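Please read the following report alongside the sequence and the three-dimensional view. It moves from the sheets to individual buried residues.

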Amino acid sequence: MTSPLANLQSQIDELLARIASLESLEALRAAEPSLTGKRSVLSSLQKSLGGLAPEERSDAGATLQGARRHVEIALEDRRVELAREERRIRLQADRLDLGDVVVQSVRWPATVGHRGLVPSTQRELEDVFVGMGFTVADGPEVESDWYNFEALNIPPAHPARGMWDTFYVDLGEPETVVLRTHTSPTQIHLMELALAQEALPIHSVMPGRCYRRDTPDARHLATFHQIEGLVVDRDITFADLAGVIETFTRSYFGSDIESRLRPAYFPFTEPSAEFEITCTICRGDGCRTCSQTGWIELGGCGMLDPAVFSAVGLDADEWSGFAFGFGIDRCAQMRYQIGDMRALIENDVRFLGQFS
Ligand code: PHE
């Protein structure tokens, strides 16, 4: 009788080939019973050894045991290999590719940046005024109480101080120091300078950052920008002021947007007015943004008060003039119909990218 193990080598080779061809852990688990389990060739060979003579049985048993061991090791190796491969594929799929995220949000490699909306609006406004013959001047953001208030005819404890919620800077000096609440103190610097340098008349605009202790909302920021205008010359009238405002409005906002002046109060101008333009959102029909009035307030203006002339030492009999001041951020909001002004300071690239 031929030994039941006569074909053992080729049977083992076949098992090893099947193990090597297993493509997944799932396939391996499914094949396991037919490779090394009860339904395997190895198990049926084991049973057939029972028919051998006792002296042959122990040798054949040892041979078969060795063969089984061989197959089991090959199976374990394949299991480890497949597990490693499947883990690698899973990690690859789960991997958070930060490069991808950057590509989507800021278009990597980074595109060339551009000027922010407020600085570019400031430049456009400057250009309009330069085109009308104005020069551009600059002033400090940290001011003494005298420049921000007193020289502008707002003495200490004057009720008009309530118009500007002020940030005070404690420098340990006897003088009160504030973050400027408007660009109007730059008027004072400019008049002092022009007087000292005999550089009158003055036709200037002064843009810059201002600060107020306000809670930011859709139409107000605690840090914002104004552009101040100052004309000091001989025989200046209110009509000159209205003409400048109207010319500016049409050149910056377009010929279908009008301006109007409504009586108001500012301590440093007399008479004073509020400067309004046609609401750019509804074009004057009335909407939520303009509270159904069709008009949006941009800033204030008026004829220079003689008290301001005397604060800087200018002769009010010889000189006359007007001033105006309005929000640069508000202009950008109106020009680009930005619902919430806080978007201007949040620096969300999805917002900023719209104004490149
Ligand atoms: N400085 C005033 C404000 O911020 C605006 C203004 C400027 C009014 C110039 C009159 C003249 O409220």
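## Strand 10 and its sheet

Strand 9 (residues 295–304) is joined to strand 10 by 5 bridges, and the two run antiparallel; helices (H or I, at least four residues) and strands (E, at least two) are DSSP runs, numbered from the N terminus, and two strands pair if DSSP finds at least two bridges between them. This is a predicted model, in which local features need pLDDT of at least 70 and side-chain atom pairs count only at pLDDT 80 or more, whereas totals for chains, interfaces and linings use all residues. Residues are numbered from 1 along each chain as its sequence is written, and side-chain values use heavy atoms, with hydrogens and water left out.

Strand 10 is also joined to strand 6 (residues 223–233), by 8 bridges and again in the antiparallel sense. Both strands belong to an open sheet of 7 strands with mixed pairing, in the order 1-5-6-10-9-8-7. Its edge strands, each pairing on one side only, are strand 1 (135–136) and strand 7 (259–266). Strand 1 pairs with strand 5 (residues 202–211) in the parallel sense over 2 bridges.

A second open sheet has 3 strands in the order 2-4-3, with antiparallel pairing. Here the edges are strand 2 (142–144) and strand 3 (168–169), each of which pairs on one side only. Strand 2 and strand 4 (residues 177–179) are antiparallel and share 3 bridges.

The table lists facing residues from these strand pairs.

| Residue | Opposite residue | Strand of the opposite residue |
|---|---|---|
| Gly-300 | Gly-325 | strand 10 |
| Gln-226 | Gly-327 | strand 10 |
| Val-136 | Val-205 | strand 5 |
| Val-142 | Leu-179 | strand 4 |

## Buried elements

Strand 10 (residues 320–327) is largely enclosed by the rest of the structure, because 8 of its 8 residues are buried, where buried means under 20% relative accessible area, exposed over 50%, and partly exposed in between (1.4 Å probe, protein chains only). In a regular strand the side chains alternate between the two faces of the sheet. In strand 10, Ser-320, Phe-322, Phe-324 and Phe-326 point one way, while Gly-321, Ala-323, Gly-325 and Gly-327 point the other way, and all are buried.

Helix 11 (residues 328–336) is likewise largely enclosed by the rest of the structure, since 7 of its 9 residues are buried. Among them are Ile-328, Asp-329, Arg-330 and Cys-331. Gln-337, which follows helix 11, has a positive phi, near 50°.

Ile-202 lies in strand 5 and, at 5% relative accessibility, counts as buried. Not counting residues up to four places away in sequence, Ile-202 touches Leu-190, Met-191, Ala-194, Leu-230, Val-231 and Val-232, contact meaning heavy atoms within 4.5 Å. The C-alpha atoms of Ile-202 and Leu-230 are separated by 6.9 Å, although these residues are 28 residues apart along the chain.

## A buried acidic residue

Asp-305 is found in the loop between strand 9 and helix 10 (306–312). Asp-305 is buried yet has no salt bridge, and the nearest side chain of opposite charge, Arg-161, is 15 Å away. A salt bridge is a side-chain nitrogen of Lys or Arg within 4 Å of a carboxyl oxygen of Asp or Glu; Lys and Arg count as positive and Asp and Glu as negative, while His and the chain ends are not counted. Leaving aside neighbours within four places in sequence, Asp-305 is in contact with residues including Asn-153, Pro-267 and Glu-270.
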